[in-house]
Amino acid sequence: MASLYDRFVLPRLLKCACSAPPIMKQRAKVVPQAEGRVLELGIGMGLNLGLYDANKVESVTGVDPAPELRAIAEAAPRDPQLAVKVEDGTAEALPFEAGSFDCVVCTFTLCSVHTPTAALSEARRVLKPGGRFLYCEHGLAPDGGSNPSGSGWPEAVT
């Protein structure tokens, strides 16, 4: 059972930090690009749900290991035409078949997973050939020279 802090305080702190205007501005650059069947890694409180274009997105499946956050995501505002399913799971061990999704969205999540490389491998595995990995993060990896852009994270999978 989660502590009172985990159940009541932490979700409120996360919502305040993760919905700050500069963070939402970055989300708004990434999320509307999603199309088809979408998997969102670390759906958290569902802050991205209102940013999906229901005319381009067939469905959004979100995974998150925290039951408190999943409950908030279930109630998050969104286009009523957007089909959303929120499931228990971690980015490092996705409970989906290979090639299941047209797009994987990951916003401000890689900093909080236990093994980012495993999460990225899983994202690639569940993407259909030619699928897109859309992401944004708020910090650089410690090995900042690992890709041509110098951002420290692998290039987007397209």
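## Worked exercises: sheet, helices and charged pairs

Gly62 stands opposite Val86 in β3. That pair is a good way into this predicted model, so open the structure and work along with the exercises below.

### Exercise 1: Laying out the sheet

Find the strand that pairs with β3, then work out the order of the strands and say which ones are at the edges.

*Solution.* Begin with β3: strand β2, residues 57–64, runs parallel to β3 and is joined to it by five bridges. Next, widen the view to the open sheet, where five strands follow the order β3-β2-β1-β4-β5 with parallel pairing. The two edge strands are β3 and β5, since each pairs on one side only. From one strand to the next, the twist averages 20°.

### Exercise 2: Placing two helices

Which strands do α3 and α4 lie on, and at what angles do they run?

*Solution.* Take α3 to begin with: this helix lies across β2 and β3, and its direction is at about 175° to β3. Then turn to α4, which packs on the sheet and touches β1 (36–41), β4 and β5. The direction of α4 makes about 140° with that of β5.

### Exercise 3: Following the salt bridges

How many salt bridges are there? Describe three of them, with the setting of each partner.

*Solution.* The count comes to four salt bridges. As background, side chains of opposite charge can pair when their charged atoms come close.

- **Asp88 and Arg70.** The closest N and O atoms of this salt bridge are 3.1 Å apart. The pair links distant parts of the chain, with Asp88 in strand β3 (residues 84–88) and Arg70 in helix α3 (residues 67–74), 18 residues apart. Asp88 counts as exposed because its relative accessibility is 51%, while Arg70 counts as buried because its value is 17%.
- **Asp102 and Lys128.** These side chains meet in a salt bridge at 3.3 Å, N to O. Here too distant parts of the chain are linked: Asp102 sits in strand β4 and Lys128 in strand β5 (residues 127–136), 26 residues apart. Asp102 is partly exposed at 25% relative accessible area, and Lys128 is partly exposed at 32%.
- **Arg125 and Glu122.** In this salt bridge the closest N and O atoms are 2.8 Å apart. Both residues lie in helix α4, three residues apart, about one turn of the helix. Arg125 counts as partly exposed at 30% relative accessibility, whereas Glu122 is buried at 13%.

### Exercise 4: A buried arginine

Locate Arg27 and find what its side chain contacts.

*Solution.* Arg27 is in helix α2, residues 21–30. Check for a charged partner: Arg27 is buried yet has no salt bridge, and the nearest side chain of opposite charge, Glu40, is 5.4 Å away. A salt bridge needs the nitrogen within 4 Å of a carboxyl oxygen, so Glu40 does not qualify. Now look for other polar partners: the side chain of Arg27 makes a polar contact with the side chain of Asn48, at 2.9 Å.

### Exercise 5: An unusual backbone angle to check

Is Phe108 buried or exposed, and what is the sign of its phi angle?

*Solution.* Start with its position: Phe108 is in the loop between β4 (101–107) and α4 (116–126). Phe108 counts as buried because its relative accessibility is 13%, and the cut-off for buried is under 20%. Finally, read the backbone: phi of Phe108 is near 55°, a positive value in a residue other than glycine.

Key
Residues are numbered from 1 along each chain as its sequence is written. This is a predicted model: local features need pLDDT of at least 70, side-chain atom pairs count only at pLDDT 80 or more; totals for chains, interfaces and linings use all residues. Side-chain values use heavy atoms; hydrogens and water are left out. Helices (H or I, at least four residues) and strands (E, at least two) are DSSP runs, numbered from the N terminus. Buried means under 20% relative accessible area, exposed over 50%, partly exposed in between (1.4 Å probe, protein chains only). Lys and Arg count as positive and Asp and Glu as negative; His and the chain ends are not counted. A polar contact is a pair of N or O atoms within 3.5 Å; within protein, one must be able to donate a hydrogen and the other to accept it, and residues adjacent in sequence count only if both atoms are side-chain atoms. Two strands pair if DSSP finds at least two bridges between them. Axes are lines fitted to C-alpha atoms, for helices over the stretch in contact, and angles run from 0 to 180 degrees between N-to-C directions. Contact means heavy atoms within 4.5 Å.
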